[in-house]
Amino acid sequence: MNTAGHPAPGAPRILTTAQAIAEAIGQEMERDPRVFVMGEDFGRYGGVFSATGGLLERFGPERIRDTPRSESAFIGAAAAAAVEGLRPIAELMSVDLFGVCMDQIYNHLAKNRYMSGGQVKLPVVLMTAIGGGHGGAAQHSQCLYATFAHLPGLKVVVPSNAHDAKGLMTQAIRDDNPVMVFLHRGIMGLPWMQYQEGASVAVPETAFTVPFGQAAVAREGRHVTIVTLGLMVHKALLAARTLHTQGIEAEVIDLRTLVPLDTQSVLRSVGKTGRLLIVDEDYLGFGLSGEIAAVVAEHMDEVALAAPIRRLGVPNVPIPYSRPLEQAVIPSVTRIVEACCELADAKLKAAA
Amino acid sequence: MTKPPPDKLLWMYETMLLIRRYEETLAQVYLQGKRPPDIPPGLSFDIASGPVPGEMHLAAGQEPVAVGVCAHLRETDTVVGTHRSHHVAIAKGVPLDRMTAEIFGKVTGLGRGKGGHLHLFDPAHRFSCSGIVGASLPPACGAALAARLTGSPAIAVAFLGEGAAKQGIFHESLNLAGQWRLPVVFVCEDNRSAIPGAEDRAAAGASSAERAKCYGIEGIAVDRNDAIAVYEAAAVAVDRARQGGGATLIDVKTECHFGHFQGDARVFQPTTGAGEPRPHDPIATLAATLRRRKLLDDALDHRIRQRAEGHIAAAFEFARGSLYPAASEATEHVFA
Ligand SMILES: Cc1ncc(C[n+]2csc(CCOP(=O)(O)OP(=O)(O)O)c2C)c(N)n1
C-alpha cells in the first residue's frame, strides 16, 4: 500500500517512508527548538519528495525555510549555523545536484571539526533523493552514496523502509556530526512514482532511534549472503524467495549505514554461508561493492569462503535514459537470482 | 530599433505555432500509460511508465523568447538550453523527428536514446541542454571563447530560468563574460514558476538585467511576453556580440502554461491539448499583428497550421516506429 492506511484498532500503523521521515523531523523539531529545515520548494509544495509534508503548517516558515536556488550558499550556511549551536537539516532534491555545492560539503562540512582540532561541532543533516528506474537519465538517477562515504567526516545513511527511515533520521538529527541521508525515490511512497512493495511498514508513533553502524538481517539463510542496502534490499528479498524454491537459502543483509559500516554483521553472515554476493545500485568501480569485498578479503583468517566473491552493481556507465538500456544497467531480481545460482555452482566446482 | 521584416515575422509565427502544438501533443503522449489500469493504491501517476518515461518540463507559453532570439541566429551560432528546452531546440532548427525519438528513448534519437528529454545534444545544429539548474551558462561562455580564439564570427546564447539566476554559477559566468568581453547572450526566461516555490521571496534585490550591469555586461529587460519585443531586444544583443561589443543579458517576463513539470503535485492533470484561450496568448497577439499588416489571412493561417500538424505527426510517427537501442549499447560511448 502506498499511503498510510486506516488500520483496525490495535493493528500496526503503516507509513510510507516519506511520512516516516516527516514524522521523525516533526518530533525532533518539537523536542529540540534548535532543529530547523532548509530546502527548495517547501512552501506550498512540502518538498518535491514529500519528506517534509505538513511541517510548514506546524512550524512556520522560519523553521521550515524555503531557500533560493543558491545551494552552495545555503548548504555552507547550514554548516556554519551548526557551529553556532543550531541543528540544521538541509534538503537538496536529488544527489545528482550536489555537484554545485560540493566544495561546501567536502572541504568544509566534512573537515572543519577535524581541522579545528575538535573545537567545533557540525550537527547537520543533508537529505536527498537517489536512484533510477524512472527514466531520469544520467543526471537524475544516480546513487553516489559511496562518493560521500569516501570522504572522511561524513556519516552516510541509506534506509530501505519506513521504520528504519524514521529511526535513522531521528538518530541523524541527534548526531553531533554531519550526516547524509540518502532516500531512494522508489521507497518513498510518492504519488507519482512506482514504489517498492515492502518499503511501507509498521512504524512506532513515538520517537525512536536506529543506531548507526548496525546492519539488519532482512532475511536469514544459510547458503549465500547478499549484502545490500536501500531499494536493492527489496530486490534481494524477492530474489531470495525465488532462490528458496530452487533450494538455495539466501541471507539478506541490509547495511542501513555505510559510514559507520557494520563489518561484523557482514563477516558473521559470510562466515555462516561461505558465499558472498554484494548488490549495489551505485557504480561498480571504486565503490561500496569493492569496499565490502575488501573487508571480507582482509578477514579471510576469520571467515572461510567456499566460492569467489561476486558483485552486482551499475557497470561503470552513466545511467542511460532509454528504458531497455536503463533496465540493462540497474541490477534486477533476475540477475540477483542468476548470480546466486552461479555462486552455488562455484562451490560445487571448488569442491570437485 | 530593428523591426522584424515580414519573412521573420511569419517565421516566428509559424515556429511558435509548431512549438505550441508540439508541446500540446507531447503533453498528451506523455500521459499515455502513466495511469496503468493495475495501478497500485496510493499511486496516482507513474512517472516511469508509458512511451515517454521520466520527468517532462514543457515550455508552452514561452515561445516568444525562443523565436525572438533564434530569429537572429545562424547555424554556426551555439545555443545552450536548460531543463525546459524544446521551444529553444525547435527554434534553433533541431530536427523534430530525431528530438522526438530521443524523448521516446529510441535509437534514432539525437543521442541514440541515451540522454532523453533533459539532455538533448545536437552538435550539427549547435544545440545542447542539461537538467542541472544554471549549467547552461559556462558552456555558452566556452563556445563564445572558442569562437573568439578561432576567429569565427559565431556567437553563443545561453537560456536560463530565473531560478538559475540565483546560483553562484550565474555570477561567475557573467563575470567571465564581462571580463573577457565574450560574444555571448544570456537569455533569462522569468516564467515565475521555478518549481512552485515562493519565488517572490526567493529573489532578493535587483533584477537579472540590473545585476548584469555590475559585471560590465549590458542588461535589457523585456517585460512583455511578446515575440516582437524579444526580437527587438535580441537584435541589439546579438549585434553587440557579433561586433565585438561583448555580452548582454536579456531578462524576459514570460509565462509557462503547463506548470513546472507534468505530473507534479500542483499540475496533476496536464492540460489535455485544446488549452483554454489565455488573455495574453503571445501567439494570438502575433497573429493579430500579422493580420493587421496584411501578412496573414485565413487561407495562409490554415496552411501554416496544417504544415505544423504535418511536421508533428511525422515526428511522432518516426519516434513510435523507431527501435529501441540494443541493450549492449548501454556500455558504449563512455569514452571516445
Ligand atoms: C543545481 C540544481 N538544483 C536544483 C535542481 C532541481 N530543479 C529542477 S528545475 C528547478 C527549477 C528551476 O527554476 P528556473 O531556473 O526558474 O526554471 P523554470 O523551471 O522556472 O523554467 C529546480 C530547482 C536542479 N535540477 N539543479
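**Exercise 1.** In this predicted model, find the residue that forms a salt bridge with Asp164(A), and work out how many such bridges cross the interface of domain 1 and domain 2 of chain A.

*Solution.* Start at Asp164(A): the salt-bridge partner is Arg256(A). Next, check the distance: the closest N and O atoms sit 3.3 Å apart, and the cut-off is 4 Å, so the pair passes. Then place both residues: chain A splits into domain 1, residues 14-202, and domain 2, residues 216-351, so by these bounds Asp164(A) falls in domain 1 and Arg256(A) in domain 2. Finally, the count: one salt bridge is found across this interface. Polar contacts there come to 17 residue pairs, with both partners at pLDDT 80 or more.

**Exercise 2.** Which helices and strand of chain A each give at least two residues to the side of domain 1 that touches domain 2, and what kinds of residue make up that side?

*Solution.* Go through the elements in order: helix H6 (145-149), strand E6 (155-157) and helix H7 (162-174) each supply at least two residues. Now sort that side of domain 1 by type: 15 nonpolar, 13 polar and three charged.

**Exercise 3.** Describe the contact between the two domains of chain A by spacing, residues and buried area.

*Solution.* Spacing comes first: the C-alpha centres of the two domains are 27 Å apart. For residues, domain 1 of chain A puts in 31 and domain 2 of chain A 24. As for area, about 2,100 Å² is buried between them, with carbon and sulfur atoms giving 59%. To finish, look at who does the burying in domain 1: Tyr145(A), Ser160(A) and Gln196(A) supply 24% of the area that domain buries against domain 2, more than any other three residues.

Notes:
Residues numbered from 1 in each chain as written. Chains lettered and ligands numbered in written order. Predicted model: local features only at pLDDT ≥ 70, side-chain atom pairs only at ≥ 80, totals over all residues. Heavy atoms only, no water. Contact = heavy atoms within 4.5 Å. Buried area = accessible area lost by both parts, 1.4 Å probe. Salt bridge = Lys/Arg side-chain N within 4 Å of Asp/Glu carboxyl O. Polar contact = N/O pair within 3.5 Å; in protein donor to acceptor, adjacent residues only side chain to side chain. Helix = DSSP H or I, 4+ residues; strand = E, 2+ residues; numbered from the N terminus. Nonpolar A, V, L, I, M, F, W, Y, C, P; charged D, E, K, R; others polar.
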